[in-house]
Amino acid sequence: MEVLSPYKEVTDVILEAGGEPLKLCYQCGLCTGICPWNTVRSFMVRRIMHEAQLGATNFGSEDVWICVTCRACVQRCPRGVEIIDVMRAIRRAVASLGIGVVPDALRISAKNIAGVGNPLGEEPEKRDDWAKDLGVKKFTRGTEILYFPCCIPSYDPDVKTVSRSTATILNKLGIDFGIIGTEAKCCGEAIRKAGHEEIFQSLAKSNINTFGSNGVKTIVVSSPHCYHAFKNEYPELGGKFQVLHITQYLVSLIDQGKLRFSKEIKKKVIYSDPCYLGRHNSIYDEPRKLLQSIPGLELVEFPDSREEALCCGGGGGRIWMDTKKGERFSDIRVEQALEKGANIIAVACPYCFLNYRDSVLSMDKAETIQVKDVSELVAEAM
Ligand code: SF4
Ligand code: SF4
């Protein structure tokens, strides 16, 4: 395990933790202007960069844990500063040196992930239970596709509908796929952005080993966070696989004439771009093409969508932290969806699912608008 030195100057600690990009910042402030937090509270991204340059970072500030890693600022920065890497480095310094305080909820999730391989603290032996009655086989060497549903659709009773719908679709289409539940662990994407690099490295090495020893070549995922980790982060540790988000895979099946719809869904549906599918990986068209292929479905757009889409508030480990009423981006999104007259918010990410579901319930709008994963809508229309 790589250990940061507590005896270095603050700036050196941040640089050593991966904060090199901060050297490029010339203090224009465009990042602060675009950061969505400033619509609900003050969050001075430029100042955080400046304090890190000066060695004046306040590791005890709540600001260390605010960034949702949505990438809106990185997209805007004229100097190409990878601001998320700097935020991650500051968090990493706190988590490894014991300076400042890791929020309680994040500390518990990190402990669960390190201990049992999932943030919910559930038993690894139960990771496959969601698929029990669906006739899904275990992945064995030679199986074409590994379906990796993410920890939340594996365990959360309300979000299992995502994994179950996906397996139902793949079964109906006769796709040769399998799952590796009990040996698999959290992908580690979010815990890495929350500053726990050692946990990420351990999870990634374990998953790479499991996938490699089972002969996995192609992985289909439900979560953009798993997609990002497997596609962009595991290769640096030797894990090279073909990775497809479920929306990409299902569109390829439409193009091949294998996936067709026989039922109408006469609803007004608004699609929310997940940050890790959109801004992080430029996948905007496939989810829309999938939804537009469903007969009867009317697709509408948020006032800010695609590259400009507002985050649900769950990235960067924020999914495990409390966000005060009045500061929840998902509440703003639900309001926008209602203004557009949508009946359904379509999501393509388990974190979006959780946040929108909670917002709809806490805003007492469950009678007016539903939250559904794209896979649920596809399964319903087949
Ligand atoms: S937009 Fe880029 S260069 Fe400008 S203050 Fe932010 S990080 Fe620095
Ligand atoms: S990544 Fe998003 S939340 Fe984080 S500082 Fe940039 S704009 Fe703000």
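I count a residue as buried if 20 or more other C-beta atoms lie within 10 Å of its own. I apply that cut-off first to Trp65, which has 22 C-beta neighbours inside 10 Å and therefore counts as buried. The model I am reading is a predicted one.

**Entry: Trp65**

I looked up where Trp65 sits and found it in the loop between H3 and H4. Leaving aside neighbours within four places in sequence, I find Trp65 in contact with Pro103 and Met321. I also took the distance from Trp65 to Arg88, 23 residues further along the chain: their C-alpha atoms are separated by 9.3 Å.

**Entry: overall form**

I noted 16 helices and 8 strands in the protein. The C-alpha trace spans about 65 × 50 × 35 Å along its principal axes. I checked the radius of gyration against the value for a compact globule of 382 residues, which is near 21 Å; the protein has 21 Å, so the two agree. Buried residues account for 49% of the 382 residues. I then looked at contacts between residues at least 6 apart in sequence, and 78% of these join residues at least 24 apart.

**Entry: domains**

I have three domains written down: domain 1 (10-97), domain 2 (104-252) and domain 3 (260-381). The centres of domain 2 and domain 3, taken over C-alpha atoms, are separated by 21 Å. Their contact takes 31 residues from domain 2 and 29 residues from domain 3. On the domain 2 side, I listed the helices that supply at least two residues each: H6 (104-116), H7 (151-155), H8 (160-172), H9 (189-193), H11 (224-233) and H12 (246-255). H8 gives the most to that side, with 6 residues. By class, the side of domain 2 that touches domain 3 has 17 nonpolar, 12 polar and 2 charged residues.

**Entry: nonpolar core**

Which residues have the most contacts inside the largest nonpolar core? I find Val221, Ile345 and Ala346, in a core of 117 residues. Helix H5 (residues 83-97) gives the most to this core, with 9 residues. I followed Ala346 further, not counting residues up to four places away in sequence. Ala346 touches Val269, Ile270, Tyr271, Leu291, Lys372, Val374 and Leu377. As a general note, nonpolar side chains tend to be buried together in soluble globular proteins.

**Entry: ligand 1**

I count 14 residues around ligand 1, of which Cys25, Cys28, Cys31, Cys77 and Val81 come nearest. Helix H2 (30-34) and helix H3 (45-54) each supply at least two residues of the shell. H3 gives the most to the shell around ligand 1, with 3 residues. By class, I have 10 nonpolar, 2 polar and 2 charged residues in this shell.

**Entry: ligand 2**

Ligand 2 has 13 residues around it. Cys35, Cys67, Cys70, Ala72 and Cys73 come nearest to ligand 2. The elements that give two or more residues to this shell are helix H4 (72-76) and H5. The shell around ligand 2 divides into 11 nonpolar, 1 polar and 1 charged.

**Entry: positive phi**

I looked for positive phi, since most residues other than glycine have a negative phi. Cys150 has a positive phi of about 85° although it is not a glycine. Cys150 lies in the loop between strand E1 (145-148) and H7. Is Cys150 buried or exposed? Cys150 has 26 C-beta neighbours inside 10 Å, so I record Cys150 as buried.

Asp364 also has a positive phi, of about 60°, and is not a glycine. I place Asp364 in the loop between helix H15 (350-362) and strand E8 (370-373). For the exposed class I use a cut-off of 12 or fewer other C-beta atoms within 10 Å. Asp364 has 8 and is therefore exposed.

**Entry: Gly100**

Gly100 is in the loop between H5 and H6. I count 18 C-beta neighbours inside 10 Å for Gly100, so Gly100 goes down as partly exposed. Leaving aside neighbours within four places in sequence, Gly100 is in contact with Phe59, Gly60, Val64 and Val94. My last distance was from Gly100 to His196, 96 residues apart along the chain: 14 Å separate their C-alpha atoms.

Note on methods. Residues numbered from 1 in each chain as written. Chains lettered and ligands numbered in written order. Predicted model: local features only at pLDDT ≥ 70, side-chain atom pairs only at ≥ 80, totals over all residues. Domains from an automatic or database assignment. Contact = placed C-beta atoms within 7 Å. Helix = DSSP H or I, 4+ residues; strand = E, 2+ residues; numbered from the N terminus. Nonpolar A, V, L, I, M, F, W, Y, C, P; charged D, E, K, R; others polar. Core = buried A, V, L, I, M, F, W, Y, C linked by C-beta atoms within 7 Å. Near = placed C-beta within 6 Å. Rg over C-alpha atoms; globule rule 2.2 N^0.38 Å.
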